[in-house]
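Thank you all for coming; I would like to take a few minutes to walk through one model with you. Please have a look at the display first, and then we will go through it together.

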Amino acid sequence: MVGIRMLEYVASCQDRPNVLMDYANIVPIMRELWSPIAAVTSSWRGRDNAQIAVAIGGASIVPDQPRVAVQIYKRNLSHDMVYGSGAFCLNFLRKDQLQPIHDFGLRSGRDVEKLEPYEYEAGPTGSPLLADCWGYLDCRVVNAMDGGDMTCFLAEVVDGKTVSQGGPLSWRYAKQVIPPEWAGEWERKVEVEVVWSEQRMARIDLGPWSGPSAS
Ligand SMILES: Cc1cc2nc3c(=O)[nH]c(=O)nc-3n(C[C@H](O)[C@H](O)[C@H](O)COP(=O)(O)O)c2cc1C
């Protein structure tokens with residue numbers, strides 16, 4: 001069956017004739033779209049992990065059935081863990097919590113046990129809840145959409161609360177106060193990620209998400 005179940009759709013946007021604007025003109029708008037910084041934790045096949053994310057948005061109009069949409073890059077170990085487990089927890093960092101940006105956002109769980117120095121417990125979905133954060137949303141995936149280089153996960157919030165005083169940490173603020181060597185590490189990482197994404201973002205799988213795999 002061709003059409004919506006087609007397994008791999010390669011978009012014909014190589015020279016992108018439909019893109020009219022100069023990217024510099026939309027930078028001020030695009031940078032307003034980042035959410036507060038969250039440590040996205042997951043647990044799958046006996047491993048716990050955490051990554052940083054700012055591509056998070058509310059995705060439900062019904063107050064007592066809250067949902068979120070979260071974009072996770074396929075290169076990340078967390079991607080496979082969220083995809084496989086069908087769950088994650090968004091641990092929003094407090095304004096004074098800079099260290100997790102380095103520990104979770106500049107390193108991969110493929111190379112290091114990132115959560116080892118952190119205090120946490122398993123939440124209702126099995127995902128780690130950090131003892132120290134501003135607040136958390138424990139989430140179960142209800143659907144997943146392939147974006148080529150990333151997957152957009154739609155998830156229901158099953159538990160959550162604020163756990164400390166103070167406000168959430170924004171990337172705009174954090175960029176001004178993190179050590180310069182972290183900023184350098186981040187720039188080098190982004191350069192590699194952009195090349196990787198460029199090669200994959202048109203290769204979108206239109207097949208449906210088949211639900212979590214056996215853990
Ligand atoms: C400020 C900041 C924001 C980030 N936002 C996202 C994001 O929204 N989605 C994503 O998949 N990765 C994001 N990352 C990158 C991941 O956190 C990073 O690639 C991490 O090393 C992946 O770890 P893992 O391989 O253990 O899953 C961000 C990193 C930083 C520092």
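How do the residues of the shell around the ligand divide into nonpolar, polar and charged? They divide into 11 nonpolar, 8 polar and 2 charged, where Ala, Val, Leu, Ile, Met, Phe, Trp, Tyr, Cys and Pro count as nonpolar, Asp, Glu, Lys and Arg as charged, and the others, Gly among them, as polar. Before going further, I should say that this is a predicted model, in which local features need pLDDT of at least 70 and side-chain atom pairs count only at pLDDT 80 or more, while totals for chains, interfaces and linings use all residues. Residues are numbered from 1 along each chain as its sequence is written.

To stay with the ligand, 21 residues surround it, the closest being Ala55, Ser78, Gly105, Ser108 and Gly109; a residue is taken as near if its C-beta atom, placed from the backbone, lies within 6 Å. Two or more residues of this shell come from each of strand 3, strand 5, helix 2 and helix 3 (99-105), and strand 3 gives the most, with 4 residues. Helices (H or I, at least four residues) and strands (E, at least two) are DSSP runs, numbered from the N terminus.

Let me turn to the sheet. It is an open sheet of 7 strands in the order 3-2-6-9-10-5-4, with antiparallel pairing, and two strands pair if DSSP finds at least two bridges between them. Strand 3 (47-53) and strand 4 (56-58) stand at the edges with a single partner strand each, so one side of each is left without a neighbour in the sheet. From one strand to the next the twist averages 30 degrees, with axes being lines fitted to C-alpha atoms, for helices over the stretch in contact, and angles running from 0 to 180 degrees between N-to-C directions.

At one edge, strand 2 and strand 3 run antiparallel and are joined by 7 bridges, with Ala39 standing opposite Ile52 in strand 3. These two strands form a hairpin with 2 residues between them, and Arg45 in the turn has a positive phi of about 50 degrees. Most residues other than glycine have a negative phi. Arg45 counts as exposed because it has 11 C-beta neighbours inside 10 Å; the limits are 12 or fewer other C-beta atoms within 10 Å for exposed, 20 or more for buried, and partly exposed in between, with C-beta atoms placed from the backbone. Strand 3, by contrast, is largely enclosed by the rest of the structure, because 6 of its 7 residues are buried. At the other edge, strand 4 and strand 5 (residues 67-73) pair in the antiparallel sense over 3 bridges, and Gly57 has Ala69 as its bridge partner in strand 5.

What lies across these strands? Helix 2 (residues 77-85) lies across strand 2 (38-44), strand 3, strand 5, strand 6 (87-92), strand 9 (135-146) and strand 10 (150-162), running at about 55 degrees to strand 2. The buried residues of helix 2 are Ser78, Asp80, Met81, Val82 and Ser85, and Gly86, which follows the helix, has a positive phi near 70 degrees.

Finally, Val40, leaving aside its neighbours within four places in sequence, is in contact (C-beta atoms, placed from the backbone, within 7 Å) with Ala50, Gln51, Ala53, Val70, Ser78, Phe88 and Leu90.

Notes: Contact = placed C-beta atoms within 7 Å.
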